[in-house]
Amino acid sequence: MKTNQEKNENDYISELKDWQDHQYTPGYFVGGRIPVWLKYPGKPKLLGLVFLSAGLFGLTIFIYKIIVGTLIQNKEDWFQLPFPLLFIIILILIGIKQF
């Protein structure tokens, strides 16, 4: 009798082969077929840790540049603040969700 992990590995390989055979067939994946790498994610906690550490590193650099004053040198630079901060917040939220 096969264990649950062996069954998932066989399903993964067969579905990956199916995706490779039909990836260019128009309309084959319309209607609920999910690609294999989305259906069976490998290590979401490791990916979450990568996103979280990248977001925290970016936040550290962002705060450092504000404190030192290299990010904002004149009044025209203020409009640039929301975009990197939004990207950093998104990275941190994805990391928290995956982790």
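**View 1. Leu52 and its partners further along the chain.** In this predicted model, Leu52 touches Leu91, Ile92, Gly95 and Ile96, leaving aside residues up to four places away in sequence. Leu52 also belongs to the largest nonpolar core, which brings us to the next close-up.

**View 2. The largest nonpolar core.** Five residues make up this one: Leu52, Phe62, Leu81, Ile88 and Ile92. Two elements, α3 (44–68) and α4 (82–98), each give two or more residues to it. As for burial across the whole chain, 14% of its 99 residues are buried.

**View 3. How α3 meets α4.** Here the two helix axes come within 7 Å and cross at roughly 150 degrees. Anything over 145 degrees counts as roughly antiparallel, so that's the label α3 and α4 get relative to each other. The crossing of this pair is left-handed. On the α3 side, the contact is made by Pro44, Lys45, Gly48, Phe51, Leu52, Ala54, Gly55, Leu56, Gly58, Leu59 and Phe62. From α4 come Pro84, Leu85, Ile88, Leu91, Ile92, Ile94, Gly95, Ile96 and Gln98. Sort the residues of this contact by type and you get 14 nonpolar, five polar and one charged.

**View 4. Stepping back to the chain.** The secondary structure comes to four helices and zero strands, so to speak an α-α-α-α run from the N terminus on. Of the contacts in the chain with a separation of 6 or more, 59% link residues 24 or more positions apart.

How values were computed: Residues are numbered from 1 along each chain as its sequence is written. This is a predicted model: local features need pLDDT of at least 70, side-chain atom pairs count only at pLDDT 80 or more; totals for chains, interfaces and linings use all residues. Side-chain values use heavy atoms; hydrogens and water are left out. A nonpolar core is a set of buried Ala, Val, Leu, Ile, Met, Phe, Trp, Tyr and Cys residues joined through side-chain atoms within 4.5 Å. Buried means under 20% relative accessible area, exposed over 50%, partly exposed in between (1.4 Å probe, protein chains only). Contact means heavy atoms within 4.5 Å. Axes are lines fitted to C-alpha atoms, for helices over the stretch in contact, and angles run from 0 to 180 degrees between N-to-C directions. Angles under 35 degrees count as roughly parallel, over 145 as roughly antiparallel, 65 to 115 as roughly perpendicular and the rest as oblique. A crossing is left-handed if the near helix is turned anticlockwise from the far one by less than a right angle, and right-handed if clockwise. Ala, Val, Leu, Ile, Met, Phe, Trp, Tyr, Cys and Pro count as nonpolar, Asp, Glu, Lys and Arg as charged, and the others, Gly among them, as polar.
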